[in-house]
2 protein chains.
Amino acid sequence: MTPQLADLFEFLRFPSVSTDSRHAGDVRGCAGWLVAKLSAMGLGAELHDTPGHPVVVARNVHVPGRCTVLIYGHYDVQPVDPLALWTSAPFAPEIRDGKIWARGATDNKGQMLAHLLGVEQTLRDHGDLPVNLIFLFEGEEEIGSPNLAPFLVRHRDALRCDVIAISDTGMVAPGVPTLGYGLRGITCCEAVLRGPAGDLHSGLFGGAVANPATAIGRLIASLHDADGRVAIDGFYDQVRPLENWERRMWSQVPGVGDLEMLETTGCPGLFGEPGYTTAERIWARPTAEVNGLGGGYQGEGSKTVLPAEAFVKLSFRLVPDQDPQDIMAKVTCHLASHCPPGVTLEVTSGHDGKPYVTDPHSRYGRAAQAALRAVFGAEPVLIREGGSIPIVQTFREILGADSLLLGLALADAQIHAPNENFPVANFEAGIRLNQALLQHLASA
Amino acid sequence: MTPQLADLFEFLRFPSVSTDSRHAGDVRGCAGWLVAKLSAMGLGAELHDTPGHPVVVARNVHVPGRCTVLIYGHYDVQPVDPLALWTSAPFAPEIRDGKIWARGATDNKGQMLAHLLGVEQTLRDHGDLPVNLIFLFEGEEEIGSPNLAPFLVRHRDALRCDVIAISDTGMVAPGVPTLGYGLRGITCCEAVLRGPAGDLHSGLFGGAVANPATAIGRLIASLHDADGRVAIDGFYDQVRPLENWERRMWSQVPGVGDLEMLETTGCPGLFGEPGYTTAERIWARPTAEVNGLGGGYQGEGSKTVLPAEAFVKLSFRLVPDQDPQDIMAKVTCHLASHCPPGVTLEVTSGHDGKPYVTDPHSRYGRAAQAALRAVFGAEPVLIREGGSIPIVQTFREILGADSLLLGLALADAQIHAPNENFPVANFEAGIRLNQALLQHLASA
């Protein structure tokens, strides 16, 4: 095993699950490991406490006149359930079939560490970096970065930069260099419907009172029309139409066709908003999704109850120029006006983040394309991204800098799901990509 | 504590949960306790093995020319979850506020043991019974009595009787003698919708594939129209209309008005099929209910997945002359034709039982009314029942005898739910009712 892979394995062994308060110590331990690693590389590294999980910042000695590059990543990870579906334990990384298997392997520890190790390699080769570098690593990305924006405001001067680089997005197919220039936003909520004070016998009471589990089904069904369009009043009002050049380029991007999507997901068929291709549906159209629902009897066999309550966890992926707060107001209004009779509704809104889009043909965008071309030996494809990195829009608003999205995540990486993985080849390409990127940005 | 209450407490301590295979030994232990108790009373008692849980049969020495009465009950109980909502442990009976608190206190151990102890008292007082008695106690009522019908066929001659008495139904209000003459039937199934091979990231894939949790909501919503009528093709075809005398009598029955129903259930409002009163909706109209549903992330916070699958557990309460197999065929057809695109559907049907109705003014019906009148000192009300005791229809078909439903269960008994309870007064009245019933049937 290379020293780089050994570093990654150490990093992956921290169960840094930010949403689960029982793992707060593991998240902090992971941040401490980063500070030690960055310090050992000769960078000035600091752990900053926040009301939540720590932020880690590191920098070289800045030289006036050089391009200042901020590289962002996150060291927290998603929960691992259902644990039983993992082939190997999520926090005991293994290499099988040329891939690293662990929670966080792709999202985001593998991609993030590639940047860190690329910088280590440049320092080893040249004793210096061609740019002024700032590493900014947070531990709350998976819970919506609640403490990063205040941190940016407080440290605005220290974090001032010309451009931001992030590897936390997708690569359309193995070996195809991919530059992302847009992200979907997100807003989340949970709705609970309550009926009887406790579970009722479905024989003695069934027919006379509303069933919250039936009602949650009706509420969920109200979110879309039969064709799959979101049926919330005004939901699409602010959606920016696709540009013609985007539709043309995306129609030629490999890896996002219908056959690939069927193969990657294992779905019996595709389904989505009429009038758009699969890539367009994911990269440029908003969604309403049920992430979890439950109520009533969950065990083996049957239990003939009318459950006292039922819940649904919803998230909405947003595109420019939708605003998360405006959408959540419309969602809340929709849920209230579509709540079936005989039950009460409680809506709790969760984290959110704005969508993002920038120009991939800017000065720094062209430098990123040149670095991708050099490392992968092929023409980069320009895409948007279905996922959300809300902090990218926040960077623009607070630091005034745009972000280059240099994605190394493959479609079958199983991020947020059991058996997350990252090809060793992508990890090694990421280390080389960081070296090329800093050189190209230095002369941009 | 009276010896009768002590007997009941012993009986209630067996966790005889028939649906849970881990409790098979407890169910059997409970049957063994019954055989010992019945034998000690001087009856001939036998434990009969079945492919499932045992049947217990006991009898006195039969005398030609006497009326033969079969008294049926069940010693198995519903599961106890959610356990956290119980004030006292479900299998550690307690008396508080004049009520016995335990799983099975009302359904059916308390009501069943009242019959047994009434017989014990008659034997103690008179040394003999005025009728030929057969006790038939099963351990599979809560899972649909899968082995009782074959048992009845095999023992048809030994179980031949003139009339059957059962206390496993409702008493409309405390102290109001209640004779039931009808029961709803039931049929159950579980539907599972499957989409992707595993959970997917809702950003990377959301919009391009169907979400099984969204689809299960749409499937649930297809079961009813907005007013609460079941929307399955042909569902109401065989429903027998209410008789005018039934609507008149039920409009005067205490305890089943809208205010009582709101208070008993704690619901924010009532809801049901238009054109029917609360009593009519429960006693004479069929239902489609969601007993449980689930899918996707169940934990704290949010997890932005598209779940691989989602399930719903359904049950349908049926009324004369609906047939469970006909209804399940219509349900299966409905689910298949309303399954949203992009997911696969698997339906597993569960237990079922036919609805039942008889004439409360028959010879034995009048004897039962006389016994109720004598014990409670008030005119009995004649009702149907929302719950299901499928074996009642089976008794009629195999043994040729109708059943008297002498219910002692109050609306707030919490049967099938946490904090099940049974008033001590009802237990004691039940013991006296059995004594009066056997006397009145002897001269019917």
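## Surroundings of Ile415(B)

In this predicted model, Ile415(B) touches His201(A), a residue of the other chain, as well as Thr106(B), Asp107(B), Ala409(B) and Glu420(B), leaving aside residues up to four places away in sequence. Ile415(B) belongs to the loop between strand 17 (403-406) and strand 18 (421-423) of chain B.

Is Ile415(B) buried or exposed? Ile415(B) counts as buried because 26 C-beta neighbours lie inside 10 Å, and 20 or more are required for that class. A further residue can be placed relative to this site: Val77(B) is 338 residues apart from Ile415(B) along the chain, and the C-alpha atoms of the two are separated by 9.5 Å.

## Contact between the chains

The contact between the two chains involves 84 residues of chain B and 83 residues of chain A. Several elements of chain B each supply at least two residues of the side that touches chain A. The helices among them are helix 5 (212-221), helix 7 (258-265) and helix 8 (278-283). The strands among them are strand 10 (200-201), strand 11 (289-296), strand 12 (305-306), strand 13 (309-318) and strand 14 (344-353).

Which element of chain B gives the largest share of the side that touches chain A? That share, eight residues, comes from strand 11 of chain B. By class, the side of chain B that touches chain A has 33 nonpolar, 39 polar and twelve charged residues.

## Strand pairing across the interface

Strand 11 also links the two chains through strand pairing. Strand 11 (residues 287-296) of chain A pairs with strand 11 of chain B in the antiparallel sense, over five bridges. Within this pairing, Leu293(A) has Gly295(B), in strand 11 of chain B, as its bridge partner.

## Relation of the two copies

In general, a rotation about an axis and a shift along it relate two copies of a chain. Here, a turn of 180° and a shift of 0.0 Å along the axis lay chain B on chain A with an RMSD of 0.0 Å. This is therefore the relation of a two-fold axis. The same surface serves both copies, since 99% of the contact residues of chain B recur in chain A.

## Backbone features in the loops

Two backbone features are described here, each for both chains. The first concerns a peptide bond: the bond from Asp81(A) to Pro82(A) is cis, with omega near 0°. Pro82(A) is found in the loop between strand 3 (68-74) and strand 4 (94-96) of chain A. In chain B, the peptide bond from Asp81(B) to Pro82(B) is cis, with omega near 0°, and Pro82(B) is found in the loop between strand 3 (68-74) and strand 4 (94-96) of that chain.

The second feature concerns a serine. Ser145(A) has a phi near 50°, a positive value in a residue other than glycine. Its place is in the loop between strand 6 (132-138) and helix 4 (148-154) of chain A, and Ser145(A) is buried because 24 other C-beta atoms are within 10 Å. For Ser145(B), phi is near 50°, again positive in a residue other than glycine. Ser145(B) lies in the loop between strand 6 (132-138) and helix 4 (148-154) of chain B, and counts as buried because of its 24 C-beta neighbours inside 10 Å.

## Confidence of the prediction

The model scores ipTM 0.83 and pTM 0.83. For chain A, the mean pLDDT is 96, and 100% of the residues reach 70 or more.

Definitions and conventions
Residues numbered from 1 in each chain as written. Chains lettered and ligands numbered in written order. Predicted model: local features only at pLDDT ≥ 70, side-chain atom pairs only at ≥ 80, totals over all residues. Helix = DSSP H or I, 4+ residues; strand = E, 2+ residues; numbered from the N terminus. Buried ≥ 20, exposed ≤ 12 C-beta atoms within 10 Å, placed from the backbone. Contact = placed C-beta atoms within 7 Å. pLDDT = per-residue confidence, 0-100. Least-squares fit on C-alpha atoms with pLDDT ≥ 70 in both. Nonpolar A, V, L, I, M, F, W, Y, C, P; charged D, E, K, R; others polar. Pairing = 2+ DSSP bridges.
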